[in-house]
Amino acid sequence: MCSQCNYPQLLKSTGLGSTPNRLRVMEIIGDNNSPLSSREIYNTLNRTRSINRVTVYRILDLLVENGLIERINSGGRSFRYGLAPNEHHRPHPHFYCKNCGNMECLSPELLSINIDPMNRTFPGQVENIDVRLEGICKICLGSSFRVQGSGVKKGFRSCAFLS
Ligand SMILES: [Zn+2]
Ligand SMILES: [Zn+2]
Ligand SMILES: [Zn+2]
């Protein structure tokens, strides 16, 4: 639950009107402590009001385009949505469990990234760094989980990428 963000104001600050549906989508995403899939957002929204899926997708696209929420790749072609960094929320890495598909927000302090060398040599401008760590979450590690195929039994494989 976020008590610091004023969602109507955030919507207005980008020039987007604060419609009830947009506001509700912001609240659902902002009040959850981990990023949500569009299906989860749709299901939550649909519990209290009747709305069609396409409308929810359009709102999500609009909020991403306006920098209010961020779309986080959660493996393959699936995505999760979280609040975009703002004055109350620092950019932070995410951990993705390849077994159960859950994604969690990690504290910004857990991983530090130095982009100075990048800025010195890369001829473009970096605007956003998207860090996703991938592995097996503690719930899955605790259950009778076995990694199929790969020789990896335990431990974390991480990949950090820039986008
Ligand atoms: Zn907030
Ligand atoms: Zn898991
Ligand atoms: Zn997050």
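**Entry 1: pairing, and the S1-S2 hairpin**

I start with the term I need here: two strands count as paired if DSSP finds at least two bridges between them. With that in hand, I looked up Ile 72 and found that its bridge partner in S2 is Arg 80. I was looking at a predicted model throughout. S1 and S2 run antiparallel and are joined by 5 bridges. Their hairpin has 5 residues between the strands, and Gly 75 there takes a positive phi near 95°.

**Entry 2: the overall layout and the confidence**

Next I stepped back to the protein chain, where I counted 6 helices and 5 strands. Read along the sequence, they follow the pattern α-α-α-α-β-β-β-β-α-β-α. Of the 163 residues, 20% are buried. I also checked how far apart in sequence the contacts reach: among those with a separation of 6 or more, 47% are between residues 24 or more positions apart.

I then turned to pLDDT, which averages 84 over the protein chain, with 87% of the residues scoring at least 70. Which helix has the lowest confidence, and which the highest? H5, residues 116-121, is lowest at a mean of 87, and H4 is highest at 96. Residues 149-163 are another matter, as their pLDDT is below 50. That stretch still has 17 contacts in the model beyond near neighbours in sequence. I left its details alone: where pLDDT is low, the predicted coordinates should not be read in detail.

**Entry 3: helix H4**

H4 seemed a good place to linger. The helix covers residues 53-65, 13 residues in total. From first C-alpha to last it reaches 18 Å, close to the 18 Å expected at 1.5 Å a residue.

Which residues of H4 are buried? I found Val 56, Ile 59, Leu 60 and Leu 63. They lie on the same side of H4, because they cover an arc of only 100° around the axis. The general rule helps here: an α-helix has 3.6 residues a turn, so residues three or four places apart point the same way.

I looked at the other face too. Turned away from the buried side of H4, it carries the exposed residues Val 54 and Glu 65. What covers the buried residues includes helix H2 (20-30), helix H3 (38-48), strand S1 (69-73) and strand S2 (79-83). After H4 comes Gly 67, with a positive phi near 75°.

**Entry 4: the nonpolar cores**

From H4 I moved on to the largest nonpolar core, which has 17 residues. Val 25, Met 26, Ile 29, Ile 41 and Leu 63 touch the most other members. Helix H1 (7-13), H2, H3, H4 and S2 each supply at least two residues. H4 gives the most, with 4 residues.

I picked Val 25 for a closer look. Leaving out residues up to four places away in sequence, Val 25 touches Ile 41, Leu 45, Ile 59, Leu 60 and Leu 63. Apart from this core lies another, of 5 residues, among them Tyr 96, Cys 97, Met 103 and Ile 136.

**Entry 5: strand S3 and its two partners**

Tyr 96 and Cys 97 led me to S3, residues 94-97. His 94 and Tyr 96 point one way from S3, Phe 95 and Cys 97 the other way, and all are buried.

In which sense does S3 pair with S4, and in which with S5? S3 and S4 (residues 103-105) run antiparallel, joined by 3 bridges. S3 and S5 (residues 132-135) pair in the parallel sense over 4 bridges. For the register, I noted that His 94 stands opposite Cys 105 in S4, while Cys 97 stands opposite Gly 135 in S5. The hairpin of S3 and S4 has 5 residues between the strands, and Gly 101 in that hairpin takes a positive phi near 80°.

**Entry 6: two single residues**

I closed with two spot checks. Leu 133 sits in strand S5. Is Leu 133 buried or exposed? Leu 133 is partly exposed, because 19 other C-beta atoms lie within 10 Å, and buried status would need 20 or more. Leu 133 and Ser 74 are 59 residues apart in sequence, and their C-alpha atoms are 9.9 Å apart in space.

Asn 6 is in the segment before H1. Asn 6 counts as exposed because it has 12 C-beta neighbours inside 10 Å. Between the C-alpha atoms of Asn 6 and Met 26, 20 residues apart along the chain, I noted a separation of 9.9 Å.

Notes. Residues numbered from 1 in each chain as written. Chains lettered and ligands numbered in written order. Predicted model: local features only at pLDDT ≥ 70, side-chain atom pairs only at ≥ 80, totals over all residues. Expected span 1.5 Å × (residues − 1). Arc of directions from axis to C-beta. Contact = placed C-beta atoms within 7 Å. Core = buried A, V, L, I, M, F, W, Y, C linked by C-beta atoms within 7 Å. pLDDT = per-residue confidence, 0-100.
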